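Hi,

Here is the structure I promised to pass on. Have a look at it first, and then read my notes underneath.

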Amino acid sequence: MLFRSDGPRETFKVEARHVGGHVREAVVAAGDDASAWRMLSDEGLHLKGTDLAPFPFGYFNAGLQADLIRCICNSAVRHGVKLDSLDIALDNEYWLTGSFALGTGQGHAEPTRIQIEVCSNAPQTTIAKVVAAAVEASPALALLRTPLVNTFALYINGRRRAVAGVAASTAADVADPFLRYHAPPGAPANAAAVIEKLSTREDGEIAIAPSATTTRITRKVTGRGRLIDDSGMTAIETWLQLPGMSHFAFRSDEGGGDRAPCGLALLSAGLAFCYMTQIARYVETMKLAVGAVRLVQFSPFLTGGAEGFDTHLFLNGEAPDEVQGNLLTIAARTCYLHATMAAALPPLISAKHNGSPLPR
């Protein structure tokens with residue numbers, strides 16, 4: 001079977017809100033007629049979160065893995081190759097400089113490291129072609145290697161305002177999710193268990209993350225994933241390499257069904273969640289009179305390519321418009337995943353076929 005189609009262009013819509021603390025809720029769908037998935041995100045205890053739902057980096061890491069698995073499977077079908085097993089190891093690294101309190105924080109990212117392991121009776125030369133074609137086709141990997149310009153729109157207490165320090169969205173006004181939804185969407189009837197917190201934790205005691213630094217604060221994210229069966233389901237585990245951090249498990253459906261969201265949906269949610277985390281941290285640090293944070297994000301992808309995301313941010317509160325406008329800009333600058341998209345970071349990829357390294 002051919003897995004979820006490599007269409008010419010597909011745009012995911014993320015509608016997210018800040019629930020409280022570091023808890024965010026998002027509804028993600030590919031177009032208005034597609035199945036919508038409700039996802040929750042939280043931060044670990046190091047950021048004073050509840051640790052009950054996956055951290056934003058976990059969503060992003062899982063999305064990268066799932067989309068690469070999809071593209072490898074599609075490439076294998078096109079090359080007439082049967083895969084006996086497919087495993088991915090994917091590691092991200094991010095770092096922060098500056099200060100939230102002073103508004104000088106800056107997010108950074110390192111190239112993603114990916115290890116691919118394929119078991120198949122096909123010749124090694126054919127597997128090398130399968131993997132190379134998949135890497136070129138994956139829109140998630142294109143997002144990593146292509147510098148992208150993200151655009152923003154700002155709504156303060158219900159009125160659209162000009163943005164500064166970021167590229168302005170040229171899109172028409174969008175509906176505030178608070179006004180659009182009367183009830184959260186339900187998952188499709190045949191949905192699998194999509195996300196769960198595992199009992200596994202990293203060794204050591206949790207330390208609270210500082211809000212400012214004169215040195216480099218590094219965050220390493222580890223992910224391990226595999227194709228479960230020929231129907232297109234994946235199983236992925238991600239965690240933050242810090243003492244005491246929990247592990248989380250994701251499922252994705254890369255076969256075009258409605259049993260779980262696809263990798264690009266997980267990736268899109270992760271970026272929205274990360275951006276909202278930066279907003280919450282700055283509001284908390286500066287004790288700003290800003291609340292009821294919501295956003296609508298449009299994430300376009302195409303085979304072998306990606307485009308900048310368009311984010312419409314809704315802020316409410318008694319803080320002056322200038323302060324709320326600065327919040328949008330500061331959050332965009334400190335967001336690690338927006339920094340990832342803005343940079344050219346070709347992933348560092350190695351692959352094995354039946355245990356033997358493929359030539360690079």
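Below is what I found, going through a sheet, a helix, a glutamate and the cysteines. Keep in mind that this is a predicted model.

Let's begin with strand 13. This strand covers residues 246-253, and seven of its eight residues are buried. One partner is strand 12 (residues 233-240), which pairs with strand 13 in the antiparallel sense over seven bridges. In that pairing, M233 sits opposite D253. The two strands form a hairpin with five residues between them, and G244 has a positive phi there, near 80°. Strand 10 (residues 195-201) is also antiparallel to strand 13, joined to it by four bridges. If you want a landmark for that pairing, E196 stands opposite A249.

Next, helix 6. Its 14 residues, 321-334, should span 20 Å at 1.5 Å a residue, and the end C-alpha atoms are indeed 20 Å apart, so the expected and computed spans agree. The buried residues of this helix are Q324, G325, L327, L328, T329, I330, A331, A332 and T334. What covers them? The cover includes helix 5 (263-286) and helix 7 (336-342), along with strand 5 (106-109), strand 7 (151-156), strand 14 (290-302) and strand 16 (310-317).

Then there is E25, in strand 2 (residues 23-29). Its relative accessibility is 9%, and because the cut-off for buried is under 20%, E25 counts as buried. The E25 side chain makes a polar contact of 2.5 Å with the side chain of R17, and another of 2.4 Å with the side chain of R38. Leaving out residues up to four places away in sequence, E25 touches E15, A16, R17, V19, R38, M39, L40 and F273.

Last, the cysteines. How many disulfides does the structure hold? Zero. For C119, the closest cysteine sulfur belongs to C73 and is 13 Å away, which is too far for a bond. C119 is partly exposed, at a relative accessible area of 32%. C262 is in no disulfide either, as the nearest cysteine sulfur, in C71, is 11 Å off. Unlike the partly exposed C119, C262 is buried, with a relative accessible area of 8%.

If you open the model, I'd go to E25 with its contacts to R17 and R38, and then to the hairpin of strand 12 and strand 13.

Cheers

Conventions. Residues are numbered from 1 along each chain as its sequence is written. This is a predicted model: local features need pLDDT of at least 70, side-chain atom pairs count only at pLDDT 80 or more; totals for chains, interfaces and linings use all residues. Side-chain values use heavy atoms; hydrogens and water are left out. The expected span of a helix is 1.5 Å times one less than its number of residues. Buried means under 20% relative accessible area, exposed over 50%, partly exposed in between (1.4 Å probe, protein chains only). Contact means heavy atoms within 4.5 Å. A polar contact is a pair of N or O atoms within 3.5 Å; within protein, one must be able to donate a hydrogen and the other to accept it, and residues adjacent in sequence count only if both atoms are side-chain atoms. A disulfide is a pair of cysteine sulfur atoms within 2.5 Å. Two strands pair if DSSP finds at least two bridges between them.
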